[in-house]
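User: Please take me through this model step by step. I am new to it, so keep the answers short.

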Amino acid sequence: MILLFGLKTVLRPLPGRSATCQSCGLFFHHHLEERSTKFTLFFIPVFTTSRSYRITCSNCGQMSTISSRQKNALAR
């Protein structure tokens, strides 16, 4: 019997917002992205093993990791 399993990383863009960048100091749009790792069984995602969020400045490209609580505050 052969059992195929593994991990798959999925990137999902989320709605961002305009804010002042901590790196360049300019008021620009920031892109928000969810990165989740899923356990797969026979190439079918079964459950999520980890989840993280990243925010990127569209002007300078500064990328920061944010918590779930900070992501929820940005969504409001």
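**Strands and their partners**

User: Which residue stands opposite I55 in β4?
Analyst: Opposite I55 in β4 stands a serine, S64. This is a predicted model: local features need pLDDT of at least 70, side-chain atom pairs count only at pLDDT 80 or more, and totals for chains, interfaces and linings use all residues. Residues are numbered from 1 along each chain as its sequence is written, and side-chain values use heavy atoms, with hydrogens and water left out. Strands (E, at least two residues) and helices (H or I, at least four) are DSSP runs numbered from the N terminus, and the residue opposite I55 in β4 is S64.

User: In what order do the four strands form the open sheet?
Analyst: Two strands pair if DSSP finds at least two bridges between them. The pairing in this open sheet is antiparallel. The edge strands are β1 (5–20) and β4, each pairing on one side only. The order is β1-β2-β3-β4.

User: By how much are neighbouring strands of this sheet turned against each other on average?
Analyst: Axes are lines fitted to C-alpha atoms, for helices over the stretch in contact, and angles run from 0 to 180 degrees between N-to-C directions. With direction ignored, the average turn between neighbouring strands of this sheet is 30°.

User: Which strands does helix α1 touch?
Analyst: Contact means heavy atoms within 4.5 Å. Helix α1 spans residues 68–75 and packs on the sheet, with its direction at about 105° to that of β4. The strands touched by α1 are β1, β2, β3 and β4.

**Hairpins and turns**

User: How many bridges join β2 and β3?
Analyst: β2 covers residues 27–41 and β3 covers residues 44–57. H31 stands opposite T56 in β3. The antiparallel pairing of β2 and β3 runs over a number of bridges that comes to twelve.

User: Which residue in the turn between β3 and β4 has a positive phi?
Analyst: β4 covers residues 63–66 and pairs with β3 in the antiparallel sense over four bridges. R54 has T65 as its bridge partner in β4. β3 and β4 form a hairpin with five residues between them. In that turn, a positive phi of about 85° belongs to G61.

User: Is F43 buried or exposed?
Analyst: Most residues other than glycine have a negative phi. F42, with phi near 55°, and F43, with phi of about 65°, are positive without being glycines. F42 sits in the loop between β2 and β3, and F43 lies in the loop between β2 and β3. Buried means under 20% relative accessible area, exposed over 50%, and partly exposed in between (1.4 Å probe, protein chains only); at 40%, F42 is partly exposed, whereas F43, at 71%, is exposed.

**Inside the fold**

User: Which residues make up the largest nonpolar core?
Analyst: A nonpolar core is a set of buried Ala, Val, Leu, Ile, Met, Phe, Trp, Tyr and Cys residues joined through side-chain atoms within 4.5 Å. Leaving aside neighbours within four places in sequence, Y53 is in contact with nine residues including L14 and I66. The largest core has five members: L14, L32, Y53, I55 and I66.

User: Is S36 buried or exposed?
Analyst: S36 is found in strand β2. Neighbours within four places aside, S36 is in contact with K8, T9, V10, T48, S50 and R51. At 5% relative accessibility, S36 counts as buried.

User: Which residues do ring pairs link into a cluster?
Analyst: Rings of Phe, Tyr and Trp (its six-membered ring) pair if their centres lie within 6.5 Å; planes under 30 degrees apart count as stacked, over 60 as edge-to-face and the rest as tilted. The structure holds two aromatic pairs. F39 and F47 have ring centres 5.3 Å apart and planes at 20°, so they are stacked. The cluster is F5, F39 and F47.

User: How many disulfides does a search of the whole structure find?
Analyst: A disulfide is a pair of cysteine sulfur atoms within 2.5 Å. The sulfur of C21 is 3.7 Å from its closest cysteine sulfur, in C60, and that is too far for a bond. C24 is in no disulfide either, with the sulfur of C21 nearest at 3.8 Å. The count is zero.
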